[in-house]
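Here are a few exercises to work through with the model open. Try each task on your own before you read the solution.

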Amino acid sequence: MINSSVLKNNLTQVSFTFSKASVYTMWIITALITLGLCFFFYYVTVMLNAFFLTPELRQTARYVLFVCMLINDTLCLVLAFYLNLAYIAYIPVPTCYIVYFVSAITFKVTPYNLAAMAVEQYVAICYPLRHAQLCTPQRAKAVFTIICLVLMIPHVADLCVMFLSCPNIFNLYIMCVKENMMVNKIQYLIRSVDLILCFSSVGLVLIFTYVKIMLVALKASSQSSSATKARKTVLLHAFQFLLCLASLLNMLTKTFTLEVAAQIQLINFFIFTYVPRFLSPVIYGIRDDVLRKHLKKSLPKCTSIRKRLGTGGNIKMQKGERQ
C-alpha cells in the first residue's frame, strides 16, 4: 500500500499569485502559440485535402503513415496545449487522467510511426520485388492501430496501480500534472521503462534500416540513386526522432517550473513540444516531391482568392466613385 505522506505531498495545494505584467505576458504567449497552432492546422488541412483527393497518395503506404502521423501530432499538440493551460486550474482526477492518457499515447506514437516509415523505405530498397505485396495501405493502417493499442498497455498498468494504491484519488480535484497522480513508486518505474523501451527500440530500428540501405547503395550501382534517396529519407526520420526526443526536455523542466510562474511553463511547451512537433511533418512534406507539388498547388488558390477579393473591392470603389 501507498505511504500516506507521498499522496499528501503530491496533492499539496499550491496558490498562485500573478502580477498584471505576468498575466499580460501569459496572454501574449498563449496568443502566439494559438496563432502558431492555426498555421499548423492549415498545413494539416492542405495535406489531408491532397491525400483524400489523390488516389496515388491513398494507395501508398508511406503517405498513409505520414497522414496518420499528421493527425496524431495535431491531437498531441492540442491536448498538450490544453494541459499547459489547465496547469494552474483544479480539475477532477478522472478528467485529468483521461486527457493525460490520450496525450501520452499520442506523444509516443510518433517515434514508432517514424520507425514504421523507415522500415517501409528499407523494404522498398532491400526487397523491391516484394514491396508492393508487403507495404500496402491496409497494412500501414493496421500497423498504426497496433502501435496505438500496444502503447496503451503501460498506461492501463499505471491506472491499475494508481487505483489499487489509492481508490479515493478519483474523487479529488488536482492541478493536471502527472506528478500529482503519482501515488506509488511503481508508477515511476512503469513510466521510466516505457520511455526507455520506446526511444531505444526506435533508435535501433532507424540505425538498422540506415545501415542496410547504405550497404545496398554501395553494392548495387543500378539502385544507387534510389537507395541514396532512401538513405537520406531515413536520416530525415532520424532527425525527426531527435525532435521527438527534444520533447522530453519539457518533461524534465516541469520539475523546476512547478514553483515558478506559469508563463515559463508555456514557454517550455512552445520550445520543447510545439516547435519539434511542428517542424517534423513540415520538413518531411516540403522535402517529399509529391507532397511538395500538392502544397504548391494550394498556395495559388489562396493568392487567387485574395486577387478576386482585391479586384472585387476595386470594382466596388470604382462604382462608388462613378455614383
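**Exercise 1. Work out whether Arg-277 is buried or exposed, and find its salt-bridge partner.**

Solution. Start with accessibility: Arg-277 comes in at 2%. Buried means under 20%, so Arg-277 counts as buried in this predicted model. Next, look for an acidic partner: the side chain of Arg-277 meets that of Asp-73 in a salt bridge, at 3.1 Å from N to O. Now place the two ends. Arg-277 sits in helix α10 and Asp-73 in helix α4, so the bridge ties together parts 204 residues apart in sequence. Finally, check the partner: Asp-73 has 0% relative accessibility, so Asp-73 is buried as well.

**Exercise 2. Compare two more salt bridges, Asp-194 with Lys-108 and Arg-292 with Asp-289.**

Solution. A search of the whole structure turns up six salt bridges, and these two are among them. Take Asp-194 and Lys-108: their side chains meet at 2.1 Å, N to O. Asp-194 belongs to helix α8 (residues 185-219) and Lys-108 to helix α5, so to speak distant parts of the chain, 86 residues apart. Both Asp-194 and Lys-108 are buried.

Now turn to Arg-292 and Asp-289, which pair at 2.8 Å, N to O. Both lie in helix α11 (residues 289-322), three residues apart, or about one turn of the helix. As for exposure, Arg-292 has 27% relative accessibility and counts as partly exposed. Asp-289, at 41%, also counts as partly exposed.

**Exercise 3. Describe the aromatic pair of Phe-81 and Phe-269.**

Solution. The whole count comes to 13 aromatic pairs. For Phe-81 and Phe-269, the ring centres are 5.7 Å apart and the planes make an angle of 15 degrees. Planes under 30 degrees apart count as stacked, so that's the label here. Then locate the rings: Phe-81 is in helix α4 and Phe-269 in helix α10 (residues 262-287), 188 residues apart. Phe-81 is buried, with a relative accessible area of 9%, and Phe-269 is buried too, at 0%. While you're looking at aromatics, pick out the cluster made by Phe-40, Phe-270, Tyr-274 and Phe-278.

**Exercise 4. Which residue marks the bend in α5, and how enclosed are α5 and α4?**

Solution. First get the dimensions of α5 (residues 93-126): its 34 residues reach 49 Å from the first C-alpha to the last, close to the expected 50 Å. Then follow the axis: α5 bends by about 25 degrees at Val-109, with a proline, Pro-111, following within four residues. For burial, 27 of the 34 residues of α5 are buried, so the rest of the structure largely encloses this helix.

Repeat this for α4 (residues 61-85). Its 25 residues reach 36 Å, close to the 36 Å expected. Of these 25 residues, 19 are buried, so α4 is also largely enclosed by the rest of the structure.

**Exercise 5. Decide where confidence is lowest and where it is highest.**

Solution. Begin with the average: the protein has a mean pLDDT of 79, and 77% of the residues score at least 70. Going by element, helix α1 (residues 4-10) is lowest, with a mean of 47, and helix α7 (residues 137-165) is highest, at 94. Next, check the stretches under 50. Residues 256-260 stay under 50, with nine contacts beyond four places in sequence. Residues 311-323 are also below 50, and that stretch has zero contacts beyond near neighbours in sequence. Where pLDDT is low, don't read the predicted coordinates in detail.

Definitions and conventions: Residues numbered from 1 in each chain as written. Predicted model: local features only at pLDDT ≥ 70, side-chain atom pairs only at ≥ 80, totals over all residues. Heavy atoms only, no water. Helix = DSSP H or I, 4+ residues; strand = E, 2+ residues; numbered from the N terminus. Expected span 1.5 Å × (residues − 1). Bend = angle between axes of the 7 residues up to and from the residue. Buried < 20%, exposed > 50% of the residue type's maximum accessible area, 1.4 Å probe, protein only. pLDDT = per-residue confidence, 0-100. Contact = heavy atoms within 4.5 Å. Phe/Tyr/Trp six-rings, centres within 6.5 Å; stacked < 30°, edge-to-face > 60°. Salt bridge = Lys/Arg side-chain N within 4 Å of Asp/Glu carboxyl O.
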